[in-house]
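Thanks for coming. I will go through confidence first and then one sheet. Here is the model.

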Amino acid sequence: MDATLAVSESGANHLMQDLIGLASIARSGSGTWGPFSVGYDVNIHLAGGTVELIDAPSNRVRVHNVNVLGTVATHFTFDLGAILPTICIPPFQICVDIPFIGTVCTPQICIPWPPPLTVSVTLPIALTITSLDFGILVQSNPTTWVVGILLFPFSLAIDLSPEAGAIISAISAEVHSILSGIPLIGDLIAGLVDIVLNALTPLLGAILSAISGFINTVLMLLDLFSLTVPVPLLTFNKIQPALPANFPQPGDLEVDITLAALNANILDHELVATADIA
Amino acid sequence: MALTNGHDVFAALHETGVNKFIHNVFLARRYYFHFAVPPLGSGVPGTDFAVLPPLPVPGTNYGLAYSLDISQPVIDFTPQDATSTLPPPLTLGPNQFSLSADVQICLLCGFHIPIRDPNPNDPRGKEPGKGRHPQGDDREQQPERVCTHLQLWAVGHPTVANLGATDKLIGLEIDDIVVKEVCALEKIMECITEDAVNALLEKVRLTLSRIALGAFPVGLILEDGPKIADDQLEAWAKIV
């Protein structure tokens with residue numbers, strides 16, 4: 001070989017941090033569970049991680065402790081009228097038909113429920129992937145040689161169920177606040193809130209599970225987590241100008257270093273690329 | 001054994017790679033290797049050969065056309081190749097390279113090129129701007145191209161020059177040279193050729209980022225080297 005380039009674990013960590021720093025994504029989704037329509041805006045990015053280079057024949061780049069950080073802003077929209085019973089005071093109305101006058105009823109006021117309300121709750125996303133393994137491969141593109149890394153399949157368990165309490169609290173508070181503005185139902189508010197929560201609670205597991213699955217899907221859209229498209233770790237132009245054209249004098253031809261072949265392996269915990277120059 | 005030795009990056013150019021690069025320079029920048037006073041010189045002046053001023057002939061107001069052609073130098077990084085013909089007293093030590101090349105020097109004898117008289121007040125009175133035969137007659141002399149071949153060998157060390165915070169210019173410089181077949185002129189020829197070869201080597205320096213094959217576009221901070229060992233020019237750097 002005519003040229004050798006070796007990158008240590010610290011150097012590879014530097015390169016990997018550049019890739020991790022670029023790994024961010026935002027996506028939105030929604031679904032309906034019973035009377036609840038839920039929208040969710042996911043923003044996630046990666047941070048941290050340390051690189052371990054595992055020698056050939058494994059030739060693996062292992063990244064330990066990559067943090068997945070971000071938020072999912074959830075928006076629960078529901079119509080109280082679809083959840084709460086109709087409440088009238090008094091509950092029953094007595095009507096009588098009076099000749100020559102018509103039907104006459106006792107007074108009754110039915111509570112008009114407010115229009116559909118939306119409760120927003122922002123949930124944190126914070127988990128650590130303890131180990132990610134990437135294989136290395138060399139690609140010959142038309143103008144470049146690329147030493148890329150390709151992720152081996154891994155499992156990721158995102159569990160938002162601990163956030164159920166925050167959702168319940170937020171919805172409870174909001175419903176309580178809304179109902180408090182309605183006259184004549186003061187004694188009923190606690191029970192009405194419970195009705196809403198009773199409608200929500202059986203659905204919350206499915207809702208959070210769906211959001212977790214969505215986050216998982218979104219994460220897999222990150223280039224770094226692609227299982228089919230390698231991510232460039234080192235890129236080499238096949239033709240590298242060593243002496244520029246027209247310098248030092250006009251008309252000077254460019255003198256290039258042309259990389260005719262390139263190989264990469266991990267040896268002694270270093271990523272070693274060797275090149276043949278044409 | 002790890003190559004990076006505690007640094008982010010190790011970059012090395014093997015002597016085969018350097019010689020291929022010099023070959024490319026030799027083909028693309030002919031005027032780095034060929035020098036001549038027209039009408040000597042082959043091809044386009046300034047492109048195929050660097051134009052030299054005539055060689056003044058003492059006692060005349062003319063100069064002679066001459067040319068100097070350096071063959072493609074061959075670089076050998078320590079340890080010395082088995083095929084090396086490095087002559088004594090040169091030896092290839094640690095962190096050194098050797099260079100060998102052939103040099104052809106030609107003179108167009110009898111072809112007089114008028115030159116400006118550097119002594120215009122000389123009472124012997126030469127006419128400025130005209131060629132004059134030393135014997136004072138105007139007979140036509142048929143110019144004759146006479147040439148001699150020399151072999152030179154040199155040893156030297158790697159150099160580094162600043163090129164900003166995130167790159168360096170890495171090159172080679174010779175320290176000692178031997179020119180054979182020149183007898184009593186040896187010291188004079190060695191003086192001239194050492195300067196000429198170092199001027200050539202200065203033109204073919206490479207940046208640290210290029211030695212690292214351009215893989216770090218943001219830049220590299222040189223932390224150790226350049227050093228020559230194991231038939232390679234080596235450098236260690238930190239990724240910016």
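In chain B of this predicted model, confidence is highest in strand 1 of chain B, at 97. The lowest value is found in helix 2 of chain B, residues 186-203, with a mean of 91. Over chain B the pLDDT averages 89, and 90% of the residues score at least 70.

There is a stretch to treat separately. Across residues 128-137 of chain B, pLDDT stays under 50. For that stretch the model has 18 contacts beyond four places in sequence. As for the complex, the predictor gives an ipTM of 0.86 and a pTM of 0.85.

Now the sheet. Which strands form it, and in what order? Seven strands make an open sheet, and the order is 12(A)-13(A)-14(A)-1(A)-1(B)-12(B)-11(B). The pairing is antiparallel. At the edges are strand 12 of chain A, residues 239-243, and strand 11 of chain B, residues 220-229, each pairing on one side only. On average, neighbouring strands of this sheet are turned by 25 degrees against each other, direction ignored.

Back to strand 1 of chain B, residues 9-14. Six bridges join this strand to strand 12 of chain B, residues 232-239, and the two run antiparallel. Phe10(B) has Trp236(B), in strand 12 of chain B, as its bridge partner.

Last, the helix on this sheet. Helix 1 of chain A, residues 9-22, lies across strand 1 (3-7) and strand 14 (270-277) of chain A together with strand 1 and strand 12 of chain B. Helix 1 of chain A runs at about 75 degrees to strand 1 of chain A.

Key
Residues are numbered from 1 along each chain as its sequence is written. Chains are lettered from A and ligands numbered from 1 in the order in which they are written. This is a predicted model: local features need pLDDT of at least 70, side-chain atom pairs count only at pLDDT 80 or more; totals for chains, interfaces and linings use all residues. Two strands pair if DSSP finds at least two bridges between them. Helices (H or I, at least four residues) and strands (E, at least two) are DSSP runs, numbered from the N terminus. Axes are lines fitted to C-alpha atoms, for helices over the stretch in contact, and angles run from 0 to 180 degrees between N-to-C directions. Two residues are in contact if their C-beta atoms, placed from the backbone, lie within 7 Å. pLDDT is the predictor's confidence in each residue, from 0 to 100.
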